[in-house]
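Open your viewer and get ready to click along. At each stop you will get something to select, followed by a short description of what is there.

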Amino acid sequence: MRWQKKIRKNKALFWFSRHISLWGSISFYLACLVNIAVAVFYPFGDDGDEGTLSPFWNISLWVALGMFTALLPVLPKPWGILFFLVSLILRAIYTMGLAPALLLLGTVNLFNKLVFLVSFVGNQGTFTRGYKAVVMDMLFIYHLGYATICVLGLFVHEFFFSFLLFDLVIREETLLNVIKSVTRNGRSIILTAVLAIFLVYFFSIIGFLFFKNDFRMEVDHLLPKGVPGTCVKDSCPDATPDDKIERVCDTLLMCIITVLNQGLRNGGGVGDILRRPSNQEPLFAARVVYDLLFFFVVIIIVLNLIFGVIIDTFADLRSEKQRKEEILKTTCFICGLERDKFDNKTVSFEEHIKSEHNMWHYLYFLVLVRVKDPTEYTGPESYVAQMIAEKNLEWFPRMRAMSLVSSEGDNEQNEMRSLQEKLDSTITLVMQLSGQLSELKEKMTEQRKNKQRLGFLGPPQPNHHVPSH
């Protein structure tokens, strides 16, 4: 940030550094257009029609160039610039000729890449970190190599421009992961490949010892220079079938080369290129076992091990990329709380990361603590400055947020209020039930007394006595 503040004083350098992405896009588009022109028209001057067009196409190119020039301020920047460059290059090719047009495009691309390098150095402050940092900065070395390839394409050969297309790998993270899928577990892949070479060497020895006569291949001999016409297989008048068959396992080295070249490239293994033996031959069974072992061990197991390592590594890289994107979208960078913690709260997750825990606000605060006079620190600033000096990050609100604390406090108060209301209503209900129970007891007591009173005051029962004689 100090370096960015410093280069703002240099208006020209700051303007170039500010548009670094634009210079990179222009370099890539120019590289694509140059390679398309080389692929379509190379070798130059063979047709003799460069710079000549029919009147219809001549007028069409001028109209297209004028139209896209007029629409350049209207169309979106990338597409407007691309259409303008395509029409300008086509017009230049058919006006000046392909070789001068490519020379002009290569010069423009080299100049644009030099501007990109100036912008890159301006943004990174590469030379301010010492020569060791410059040598160890692989991205700077890559862009410097890009400019070198532009020079080679201009002054050595046009085919050097083809290497500029690899810039797409640096520009796209998905393609970069494809390269990393091979390089990340490179040791495992190399060791498995070494095992495959050992197995090829083993099978080559067996082939040299027992199946030397089976290693015969059909070949097509080149015609001597100066002989007109072509010769394809049976059409050669002086060639016999024996002249087209060569023994390729007379030495162990030739056996190794043949098994390595033909065996690994054929889907069925080395058996696809060997002589087909008769079942009456004494080594027929051994030959079947030899072909099947090579197919199962080398083609199916070892090669699929290499492919499996590459595929699994690419899947892991893709999962890591998706996991990082998911974390960035659903987790607060400052406190680490996830999106679901803010569901049904007064503050949404978007408002939280924008207002409460904006990471740029924390960065500005760190810069303020670094540039402010320590004698003018407030209490929180002094505390944070001390924590920064101790490299302690406990002052960050990990797994905490003011909005959640306040909302949790409000929720607790609401729950306490609700519980108190329920308790009051329960007490009232109990008192009502107690009163009703007391009234019921009084009524039962009164009824029992009435029954007893009626028993004492009721008429006496008649007593009948039988007279005695």
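## Stop one: a charged pair in a helix

Select aspartate 291 to begin: at 18% relative accessibility, this residue counts as buried, because the cut-off for buried is under 20%. Keep in mind as you look that this is a predicted model.

Now add arginine 287 to your selection. The side chains of arginine 287 and aspartate 291 meet in a salt bridge, 3.0 Å from N to O. Both residues belong to helix H13, where they sit 4 residues apart, about one turn of the helix. Is arginine 287 buried or exposed? Arginine 287 counts as buried, with a relative accessibility of 3%.

## Stop two: follow the salt bridges

Widen the selection to Asp214, Arg275, Glu281, Arg287 and Asp291, which are linked in a network of salt bridges. Zoom in on aspartate 214 and arginine 275: they form a salt bridge whose closest N and O atoms are 2.7 Å apart. Aspartate 214 lies in the loop between H11 and E1, and arginine 275 in the loop between H12 and H13, so this pair ties together parts that are 61 residues apart in sequence. Aspartate 214 is buried, at 6% relative accessibility, whereas arginine 275 is partly exposed, at 29%.

Next, select arginine 339 and glutamate 350. They form a salt bridge too, with their closest N and O atoms 2.5 Å apart. This pair links distant parts of the chain, 11 residues apart: arginine 339 is in the loop between H13 and helix H14 (349-356), and glutamate 350 is in helix H14. Arginine 339 is partly exposed, with 31% relative accessibility, and glutamate 350 is partly exposed as well, with 42%. How many salt bridges does a search of the whole structure find? The search finds 8.

## Stop three: a disulfide and helix H12

Select cysteine 249 and cysteine 255. A disulfide joins them, with an S to S distance of 1.4 Å. If the word is new to you, a disulfide is a covalent bond between the sulfur atoms of two cysteines. The structure holds 1 disulfide. Cysteine 249 is buried at 0% relative accessibility, and cysteine 255 is also buried, at 0%.

While you are here, select helix H12 (residues 252-265). Its 14 residues should span 20 Å at 1.5 Å a residue, and this agrees with its end C-alpha atoms, which are 20 Å apart. Color its buried residues: Cys255, Thr258, Val259, Gln262 and Gly263. What do the buried residues of H12 pack against? Their partners are helix H11 (186-210), strand E1 (216-218) and H13.

## Stop four: helix H3 and its neighbours

Move to helix H3 (residues 20-41). At 1.5 Å a residue, its 22 residues should span 32 Å, and the end C-alpha atoms are indeed 32 Å apart. The buried residues in H3 include Trp23, Ile26, Phe28, Leu30 and Val34.

Pick out leucine 33, which lies in helix H3 and is buried at 13% relative accessibility. Leaving aside neighbours within four places in sequence, leucine 33 is in contact with Leu85, Val86 and Ile89. Try a distance label from leucine 33 to isoleucine 89: these two are 56 residues apart in sequence and 8.2 Å apart in space, C-alpha to C-alpha.

Now jump to asparagine 109 in helix H6 (residues 98-124). Asparagine 109 is buried, with a relative accessible area of 1%. Not counting residues up to four places away in sequence, asparagine 109 touches Ser27, Leu30, Ala31, Tyr146, Cys150 and Leu164. Cysteine 150 is itself buried, at 0% relative accessibility.

## Stop five: out on the surface

Switch on the surface and select Phe284, Val288, Leu292, Phe296, Ile300, Ile301 and Leu305. Together they make a nonpolar surface patch of about 580 Å². Click on phenylalanine 296, which lies in helix H13 (residues 284-330) and is partly exposed, with a relative accessible area of 44%.

## Last stop: the whole protein

Zoom out until everything is in view. The secondary structure comes to 17 helices and 2 strands. Of the 469 residues, 26% count as buried. The protein exposes about 33,100 Å², and carbon and sulfur atoms supply 65% of that area. Among contacts between residues at least 6 apart in sequence, 65% join residues at least 24 apart.

Notes: Residues numbered from 1 in each chain as written. Predicted model: local features only at pLDDT ≥ 70, side-chain atom pairs only at ≥ 80, totals over all residues. Heavy atoms only, no water. Patch = residues over 30% accessible without salt bridge, like charges linked within 9 Å, V, L, I, M, F, W, Y side chains within 5 Å. Areas by Shrake-Rupley, 256 points an atom, 1.4 Å probe, with all protein chains shown as cover. Salt bridge = Lys/Arg side-chain N within 4 Å of Asp/Glu carboxyl O. Buried < 20%, exposed > 50% of the residue type's maximum accessible area, 1.4 Å probe, protein only. Expected span 1.5 Å × (residues − 1). Disulfide = S-S within 2.5 Å. Contact = heavy atoms within 4.5 Å.
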